[in-house]
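Visitor: I am new to this structure and should be grateful for a close look at a single part of it. Would you please take the central strand of the sheet and describe its surroundings step by step?

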Amino acid sequence: MVFYQRWQSETIKNALKTRRVALLNGPRQCGKTTLAKQLVSIIDEIQRVPSLLVAIKKSVDEDKRPGQYLLTESANIQSLPSVQESLAGRITKIRLKTLSQGEIQGSQPIFLEHAFNQDFHYAYKPTTQQDIIQMAAGGGFPEAIQLHGRDRKKWHQDYVEALLERDLKDIAHIQKHDVMNRLVGILAAWSSK
Ligand SMILES: Nc1ncnc2c1ncn2[C@@H]1O[C@H](COP(=O)(O)OP(=O)(O)OP(=O)(O)O)[C@@H](O)[C@H]1O
Ligand SMILES: [Mg+2]
């Protein structure tokens, strides 16, 4: 099993040096829990226990030291009670995305630094068209990129199904699941144009 180093680790560490609470938010299965656990002990999936927010608020209002809580939240679906609103002024939000190509290849995030010095040789890596298609189609979910062919396709199908079955149910009463599934397919095709 490959382990990918996440570029956001430093951002989280720095946030916890100055802020009382940090919230790691992002799509399901992008690696939030794994990354957060590497850094500190955390409260996972805060959106499932909104009542905890009141306790956290009370606690960080009494003790104002930075770096007290790291929370994770899956935010594919945005209309759950907002953690950020409840803890306004005390919290900073960090959005974790799926793995970037740089993270997958194990390189360092140095492009901008070099670009400002007009040094562009880091930007170009000779790659065949086939490689680029493979990268684009593979996406960046840590589990999925380690699968191939049909297995990877099935992983993505299961992912969409789980979102519609579980997360969407939390906020909406949808009866026509097959139609939702098709709608997601159409939206994905449009967004990739
Ligand atoms: N940096 C990484 N390198 C390799 N595998 C990873 C990495 N981060 C996460 N994974 C794997 O990806 C899967 C999802 O990770 P994780 O549970 O941390 O995601 P999550 O964002 O917390 O998901 P959820 O929103 O469903 O709780 C796990 O199987 C985990 O082992
Ligand atoms: Mg998680």
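Guide: A residue is called buried here if 20 or more other C-beta atoms lie within 10 Å of its own, exposed if 12 or fewer, and partly exposed in between. With that in hand, we may turn to strand E1, bearing in mind throughout that this is a predicted model.

Strand E1 covers residues 21-26. Its residues point in two directions: Val-21, Leu-23 and Asn-25 one way, and Ala-22, Leu-24 and Gly-26 the other, and all of them are buried. Because six of the six residues of E1 are buried, the strand is largely enclosed by the rest of the structure. For comparison, buried residues make up 19% of the 193 residues in the protein chain.

The sheet itself comes next. Three strands form an open sheet in the order E2-E1-E3, with parallel pairing. Strand E2 (69-74) and strand E3 (91-95) stand at the edges with a single partner strand each, so one side of each is left without a neighbour in the sheet. On average, and with direction ignored, neighbouring strands of this sheet are turned by 25° against each other.

On one side, E1 runs parallel to E2, and six bridges join the two. Within this pairing, Asn-25 has Glu-73 in E2 as its bridge partner. On the other side, E1 pairs with E3, again in the parallel sense, over five bridges. Here Val-21 stands opposite Ile-91 in E3, and Ala-22 stands opposite Thr-92 in E3. Val-21 and Ala-22 belong to the two opposite-pointing sets of E1 described above.

Following the chain onward from E1, one enters the loop between E1 and H2, where Gln-29 is placed. Gln-29 has a positive phi of about 65°, although it is not a glycine. Its surroundings differ from the buried state of the strand: Gln-29 counts as partly exposed because it has 19 C-beta neighbours inside 10 Å, and the cut-off for a buried residue is 20 or more.

Beyond this loop stands helix H2, made of residues 32-39. The helix lies across E1 and E2, and it runs at about 175° to E2. H2 also matters for the account of ligand 1, since the largest share of the shell around that ligand, three residues, comes from this helix. In total, 14 residues surround ligand 1, and the closest are Gly-31, Lys-32, Thr-33, Thr-34 and Pro-142. Sorted by class, the shell has five nonpolar, five polar and four charged residues.

It remains to place the strand within the whole. The protein chain contains nine helices and three strands, and along the sequence they follow the pattern α-β-α-α-β-α-β-α-α-α-α-α. The C-alpha atoms fill a box of roughly 55 × 55 × 30 Å, taken along the principal axes. Among the contacts in the chain with a separation of 6 or more, 79% are between residues 24 or more positions apart.

The domain assignment gives domain 1 (9-100) and domain 2 (114-191). The C-alpha centres of the two domains lie 24 Å apart. Their contact takes eleven residues from domain 1 and twelve residues from domain 2. On the side of domain 1 that touches domain 2, there are four nonpolar, six polar and one charged residues.

Further along the chain, some places offer a contrast with the strand. Gln-118, in the loop between helix H6 (111-116) and helix H7 (129-138), has a positive phi of about 55° although it is not a glycine. Gln-118 is exposed, because 6 other C-beta atoms lie within 10 Å. Helix H7 is hardly covered, for the count of buried residues among its ten residues is zero. Just after H7, Gly-139 takes a positive phi of about 70°.

A last example is Leu-164, located in helix H8 (residues 149-171). With 17 other C-beta atoms within 10 Å, Leu-164 is partly exposed. Leaving aside residues up to four places away in sequence, Leu-164 touches His-177, Met-180 and Asn-181. The C-alpha atoms of Leu-164 and Val-184, 20 residues apart along the chain, are separated by 9.5 Å.

To return to the part requested: E1 is a strand with six of its six residues buried, placed between E2 and E3 in the sheet.

How values were computed: Residues are numbered from 1 along each chain as its sequence is written. Chains are lettered from A and ligands numbered from 1 in the order in which they are written. This is a predicted model: local features need pLDDT of at least 70, side-chain atom pairs count only at pLDDT 80 or more; totals for chains, interfaces and linings use all residues. Two strands pair if DSSP finds at least two bridges between them. Helices (H or I, at least four residues) and strands (E, at least two) are DSSP runs, numbered from the N terminus. Axes are lines fitted to C-alpha atoms, for helices over the stretch in contact, and angles run from 0 to 180 degrees between N-to-C directions. Two residues are in contact if their C-beta atoms, placed from the backbone, lie within 7 Å. A residue is near a molecule or strand if its C-beta atom, placed from the backbone, lies within 6 Å of it. Ala, Val, Leu, Ile, Met, Phe, Trp, Tyr, Cys and Pro count as nonpolar, Asp, Glu, Lys and Arg as charged, and the others, Gly among them, as polar. Domain bounds come from an automatic or database domain assignment.
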